[in-house]
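Please walk through this fold by its side chains. Begin with the charges, then turn to the rings and the nonpolar cores.

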Amino acid sequence: MYRFFALCFFCSFFIANAQTPSNGEIPNKFRSIEVKSNYGSYLYTGTALSEAGFLDAGYGAINVKIGWQSSNTESWAGYYKYPTYGIGLYSGFLGNAQVFGNPSALYAFMDFPVGNPNRRNRFSIEPALGVTFNLQEYNADENPINDAFGARAAVYFGLDFGFEYRFTRELDLTYGVDFTHFSNGSSYQPNLGLNLFGINLGIKYNYNAAQRLVDNDPYTKNLVQARFKSPEKTKLTKINESSISIYLAGGGKQTDEDGGTDRQFGVFSGVLDYEHRFNAIHGITGGFDFFYDNSFQEFDKSADRTSIGVHAGYDFNFWKLAIKAQLGTYLTDDLGKGAFFMRPAIRYNVNNTLFTQIGLKTLDGGAADYIEFGLGFKPFKW
């Protein structure tokens, strides 16, 4: 199911920032293609794979990305210094393929410039979210040492702190440091996941797809602008909008005892939130949570498998999306899950009332409890 939600988020990027010329002129269509290599080491929370020496050699990876440059000065992009958005394909080399597999990932990314986006050496922060596949999962008989992956597919999350050095009209040298995470959110056990931290180096080609509409002669000197030159950042204006939202989500999880099987237990989250949005970017939330976890089969009564929580959080908004970070605690029995929980999530606002959301509900600290897939609505706004 998480593959379906990830694909929905991929598709949402493609329809953003469309431009329709009103004066008959051919609009610019700034694009980019990047090939990047990654090298680094593991941040692994277990012991079995380290003691066996499977992580000693580090990892390598190749990323190929296609980007669309936002350039509509009347759109949301001006608040964020005109980020680039697109899709990427990841191919990793984690060492022993019989233990880890050969992971590949399809993901969506958004590259946010930091500082002056027109500098020759530009700095940016790039989050990415997608689906990892072709993993070698845990098997009690054939792959018992792999406590990182309990399934052949997992969530892909990436965060790149990178630079682009513009050394020709079309070409950039890209370099930086990055963090990559593979996990299935405890949908299948074991699920320690793998965190990868390293450096990257690549090359990026920038072009204007409108060139073929202006002059497609391969020998022409009638060239259009190859890359976007960002205007001044759009100044933020206050919104001060408040709303009440109701969010209902479900998912599935395994217990440690069910690792290597197909058995899953249903989980449910219900959230009643107060949300306040200060401007186009920043917002805060606070509210109540109802949790039901059917994995607690030792409790005969369904009521004993429930808990009530309270949380507060921050929202980073762009286009129709919101990246949410929430921290909460339990008002009733925590069912042994610890005093606190977190909920990192991404929301897509279908319209002013309806939204979809995918997030990770954690145990005490950062360990995954389960992935939430849900729908919500905002019945009240003021």
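K65 is buried, at a relative accessible area of 4%. The model is a predicted one. What does the K65 side chain meet in a salt bridge? The partner is E126, with 2.8 Å from N to O. K65 belongs to strand β2 (residues 59-69) and E126 to strand β5 (residues 121-135), so this pair ties together parts that lie 61 residues apart in sequence. E126 is buried too, because its relative accessible area of 7% falls under the 20% limit.

The K65–E126 pair is part of a wider arrangement. E34, K36, K65, E126 and D160 are linked in a network of salt bridges. K65 also has an aromatic neighbour. It lies over the face of F109, 5.0 Å from the ring centre. R347 offers a second case of a charge over a ring. Its charged end sits over F355, 3.6 Å from the centre of that ring.

How many salt bridges does a search of the whole structure find? The count is 21. One of them joins the side chains of D369 and K253, again at 2.8 Å from N to O. D369 sits in strand β16 (residues 368-381) and K253 in strand β9 (residues 241-253), so the pair ties together parts 116 residues apart in sequence. Both D369 and K253 are buried.

Now take D258 and R263. Their side chains meet in a salt bridge at 3.7 Å, N to O. Are the two partners buried or partly exposed? D258 is buried, with a relative accessible area of 9%. R263 is partly exposed, at 46%.

Another acidic residue deserves a stop. D172 is placed in strand β7 (residues 171-183). D172 is buried, and its relative accessible area is 0%. Which side chain makes a polar contact with that of D172? It is the side chain of R227, at 2.9 Å. R227 is also on the list of residues in contact with D172, once neighbours within four places in sequence are left aside. That list includes E164, Y165, R166 and F167. It also includes G202, I203, K204 and N206. V214 gives a sense of distance here. It is 42 residues from D172 along the chain, and the two C-alpha atoms are separated by 24 Å.

Next come the rings. A pair of aromatic rings is described by the distance of the centres and the angle of the planes. The structure has 26 aromatic pairs. One of these is F112 with F318, an edge-to-face pair. Their centres are 5.4 Å apart, with 80° between the planes. F112 lies in strand β4 (residues 101-114) and F318 in strand β12 (residues 306-318), so this pair ties together parts 206 residues apart in sequence. Both rings belong to buried residues.

F296 and F299 make a stacked pair. Here the centres are 6.0 Å apart and the planes differ by 25°. Why does this pair count as stacked? Its angle of 25° is under the 30 degrees that stacking requires. F296 counts as buried, at 14% relative accessibility. F299 is partly exposed, at 28%.

F112 and F318 also share a cluster. W76, Y79, Y80, F112, F316 and F318 form one aromatic cluster.

That leaves the nonpolar cores. In soluble globular proteins, nonpolar side chains tend to be buried together. The largest nonpolar core here has 22 residues. Which of them touch the most other members? They are Y90, L94, F100, F182, L194 and L196. Elements giving two or more residues to this core are β2, α3 (97-100), β4, β5, β6 (154-166) and β8 (194-208). The largest share, three residues, comes from β4.

L196 shows what such a position touches. Not counting residues up to four places away in sequence, its contacts include Y90, L94 and F182. S41, Y42 and Y59 are also among them. So are D178, F179 and T180.

Apart from the largest core lies another, of 14 residues. Its members include W76, I281, W319 and L321. W76 is also one of the residues in the aromatic cluster with F112 and F318.

Terms used:
Residues numbered from 1 in each chain as written. Predicted model: local features only at pLDDT ≥ 70, side-chain atom pairs only at ≥ 80, totals over all residues. Heavy atoms only, no water. Phe/Tyr/Trp six-rings, centres within 6.5 Å; stacked < 30°, edge-to-face > 60°. Helix = DSSP H or I, 4+ residues; strand = E, 2+ residues; numbered from the N terminus. Buried < 20%, exposed > 50% of the residue type's maximum accessible area, 1.4 Å probe, protein only. Lys NZ or Arg CZ within 6 Å of the ring centre and 35° of its normal. Salt bridge = Lys/Arg side-chain N within 4 Å of Asp/Glu carboxyl O. Core = buried A, V, L, I, M, F, W, Y, C linked by side-chain atoms within 4.5 Å. Contact = heavy atoms within 4.5 Å. Polar contact = N/O pair within 3.5 Å; in protein donor to acceptor, adjacent residues only side chain to side chain.
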